[in-house]
Amino acid sequence: MSAPDFGTPRTGPGPDRTPLPDGADGSSGASALAEGAPAVPAAEAARGGALEVLHRVFGYEAFRGSQQEIIDQVVGGGDALVLMPTGGGKSLCYQIPALVRPGVGVVISPLIALMQDQVDALRALGVRAGFLNSTQDLDERRLVEAEFLAGELDLLYLAPERLRVESTLRLLERGTISLFAIDEAHCVAQWGHDFRPDYLALSTLHERWPRVPRIALTATATEATHTEIASRLKLQDARHFVASFDRPNIQYRIAPKNEPRRQLLQLLRAEHPGEAGIVYCLSRASVEKTAEFLVKNGVDALPYHAGLDARVRQENQARFLREDGLVMVATIAFGMGIDKPDVRFVAHLDLPKSVEGYYQETGRAGRDGRPSTAWLAYGYQDVVQQRRMIDTSEGDAAHRRRLGEHVDAMLALCETVECRRVQLLAYFGEKSDPCGNCDTCLTPPESWDGTVPAQKLLSTVVRLKRERNQKFGVGQAVDILLGKKTAKVIQFDHDGLSVFGIGSDLPEAQWRGVARQLLSQGLLAVEGEYSTLVLTETSGDVLSGARKVTLRKEPERAARAPPRTPGSAPSR
Ligand code: ADP
Ligand code: ZN
């Protein structure tokens with residue numbers, strides 16, 4: 001609760017929650033408010049100050065969206081929780097109040113690798129910024145600490161783990177703090193996709209500095225994460241600012257995976273030749289292979305993953321930011337906080353673990369507002385892999401259930417026959433109409449009644465178990481359905497099963513689609529190292545005919561851009 005704190009130290013003198021005209025506290029520099037304007041009420045002076053700082057320091061004409069309101073709230077000493085999509089302009093929401101209010105704005109950010117760049121960019125604008133994180137040696141740290149204590153900083157960037165160190169807290173107590181900005185605030189939420197234990201320590205800021213306003217910001221938050229951020233950071237008195245999460249210039253497309261690298265290459269050649277983009281892969285090995293494949297095929301691509309030497313990683317990141325038209329092939333270790341406006345596409349070669357992660361990653365495309373593509377390829381193996389990762393993950397049952405729900409939401413997005421954007425925005429609590437700029441809007445997929453094929457596949461699993469006491473993976477089940485006399489079929493005498501050959505009416509690829517969708521819908525499951533098929537609690541309803549199964553009919557080769565004429569039928 002925000003009860004009065006007895007015995008907890010407070011920072012600095014004076015009424016932290018009212019804006020002071022600049023000048024008396026040595027925090028001037030870029031933060032010079034209209035000097036000596038005693039006749040103007042404080043709030044108005046601050047407002048004028050904010051706009052003046054926007055013009056003079058940042059060189060921008062006007063505030064965007066709710067920036068002005070957010071800045072007013074923080075300058076006035078109030079707390080704020082800001083949900084705004086990537087590229088929305090969150091940084092100014094704390095940078096300007098930090099310049100307007102007396103003292104140093106402390107920014108908590110997990111983006112250690114970017115702190116130097118952020119600080120350099122601010123310094124280039126004449127803002128006195130510094131950072132403290134684990135990449136510095138003692139001397140560098142001492143220097144920043146001295147600047148902080150001398151009131152020679154406007155902004156101090158801090159890695160969250162610094163706040164676990166008592167000496168950092170004591171240092172902060174010896175200076176004057178204008179505000180705390182908690183960037184990437186979703187990292188405090190265990191529900192979310194990017195939880196960082198160090199962020200939990202942030203809940204104590206309010207106890208130590210009850211009068212210093214706090215602003216928490218994130219570009220990704222479902223209702224559940226939103227609520228969790230507010231409660232964990234004890235932001236019950238904060239004003240919440242929730243911007244629309246729609247990114248209308250991004251075209252969302254999700255395709256069945258055939259040959260992912262070829263599909264990707266086709267996409268790049270057909271739609272994004274010579275343009276900058278990010279390709280996300282699940283594993284380091286596939287990052288390496290994909291980057292190599294692209295280079296071999298004439299695409300300027302660089303790898304990025306945590307296994308690379310830090311120097312190489314840094315260099316690749318710098319090149320991606322600096323040069324035109326590079327493709328970064330990366331694990332999700334890459335991208336948070338990357339500010340490159342002209343990323344024209346974000347491609348996922350593996351299924352993301354959650355819709356939140358997917359939306360954040362795809363949000364890195366098209367920050368300049370120009371048309372951009374978010375393309376994802378996923379297949380049966382992705383579903384199997386994600387489910388297995390959950391089964392073998394550490395943590396309690398509740399944690400696994402949470403992971404499972406995240407994947408289910410992601411799968412629902414992949415398998416939907418409705419507008420992708422409607423579903424995405426609904427996930428973030430926003431209602432919208434079909435967008436006309438996603439694959440399902442552009443080439444509406446049909447759905448079909450897959451009840452009978454589902455029953456055939458499930459029966460095969462049942463027969464294997466009952467008649468042979470065996471379990472097999474999807475490959476064998478499909479061979480049995482198709483009536484293929486493979487060596488393995490003969491070896492196990494599976495051509496003697498009553499289900500042998502009952503599925504010859506569908507092609508193999510479609511059977512895999514059926515299996516994937518049953519898996520997605522939880523009507524079938526896999527288990528163990530060999531991903532053998534097993535029934536679920538709901539499989540029985542399908543087998544008994546009590547439950548109908550609706551499946552998505554998909555274009556067999558969906559790597560190409562859908563035709564731009566809405567309403568045309570998918571090619572099959
Ligand atoms: P976010 O952190 O929300 O992803 P940024 O703060 O990095 O977004 O802002 C995205 C881009 O928009 C940056 O290049 C920033 O300088 C620019 N920007 C932010 N606010 C304004 C504004 N009011 N006018 C013009 N450009 C702005
Ligand atoms: Zn749509």
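# Close-up views of a predicted model

**View 1. The zinc site is built from four cysteine sulfur atoms.** In this predicted model, the zinc ion (ligand 2) is coordinated by the SG atoms of Cys-419, Cys-435, Cys-438 and Cys-441, at 2.3 to 2.4 Å. The angles among the four donor atoms run from 103 to 119°, and the site of the zinc ion (ligand 2) is accordingly classed as tetrahedral. Along the chain, the donors of the zinc ion (ligand 2) follow the spacing C-x15-C-x2-C-x2-C. Two of these donor residues can be set side by side in terms of exposure: Cys-435 is partly exposed, with a relative accessible area of 27%, whereas Cys-438 is buried, with a relative accessible area of 0%.

**View 2. Helix α4 carries its buried residues on the same side.** Helix α4 comprises the 13 residues 112–124, which at 1.5 Å a residue should span 18 Å, and the distance of 19 Å between its end C-alpha atoms agrees with that expectation. The buried residues of α4 are Leu-114, Met-115, Val-119 and Leu-122. Because these residues cover an arc of only 140° around the axis, they lie on the same side of α4. The helix is followed by Gly-126, whose phi is positive, near 90°.

**View 3. Seven strands form an open sheet with parallel pairing.** The order of the strands across this sheet is β3-β4-β2-β5-β6-β1-β7. Its edge strands are β3 (129–132) and β7 (239–242), each of which pairs on one side only. Neighbouring strands of this sheet are turned against each other by 20° on average, direction ignored. Within the sheet, strand β5 (residues 177–182) and strand β6 (residues 214–218) pair in the parallel sense over three bridges, and the bridge partner of Phe-180 in β6 is Arg-214.

**View 4. Six strands form an open sheet, again with parallel pairing.** Here the strands follow the order β8-β13-β12-β9-β11-β10. The edges are occupied by β8 (250–256) and β10 (301–304), each with a single partner strand, so one side of each is left without a neighbour in the sheet. From one strand to the next, the twist averages 15°. Strand β12 (residues 345–348) and strand β13 (residues 372–378) run parallel and are joined by four bridges, with Ala-347 standing opposite Trp-375 in β13.

**View 5. Leu-264 is a buried residue of helix α9.** Leu-264 has its place in helix α9, which covers residues 260–271, and with a relative accessible area of 0% this leucine is buried. The C-alpha atoms of Leu-264 and Leu-294 are separated by 9.0 Å, although the two residues are 30 residues apart along the chain.

**View 6. Strands β15 and β16 form a hairpin.** Strand β15 (residues 524–527) and strand β16 (residues 532–535) run antiparallel and are joined by four bridges. In β16, Leu-535 is the bridge partner of Leu-524. Four residues lie between the two strands of the hairpin, and in this turn Gly-528 has a positive phi of about 75°. As a general point for reading the strand views, strands of a sheet pair through backbone hydrogen bonds, either parallel or antiparallel.

Definitions and conventions
Residues numbered from 1 in each chain as written. Chains lettered and ligands numbered in written order. Predicted model: local features only at pLDDT ≥ 70, side-chain atom pairs only at ≥ 80, totals over all residues. Heavy atoms only, no water. Donors = N, O, S within 2.8 Å, 3.2 Å for Na, K, Ca; no water. Tetrahedral: all angles 85-135°; square planar, octahedral: opposite > 155°, others 65-115°. Buried < 20%, exposed > 50% of the residue type's maximum accessible area, 1.4 Å probe, protein only. Expected span 1.5 Å × (residues − 1). Arc of directions from axis to C-beta. Pairing = 2+ DSSP bridges. Axes fitted to C-alpha atoms, helices over the stretch in contact; angles between N-to-C directions.
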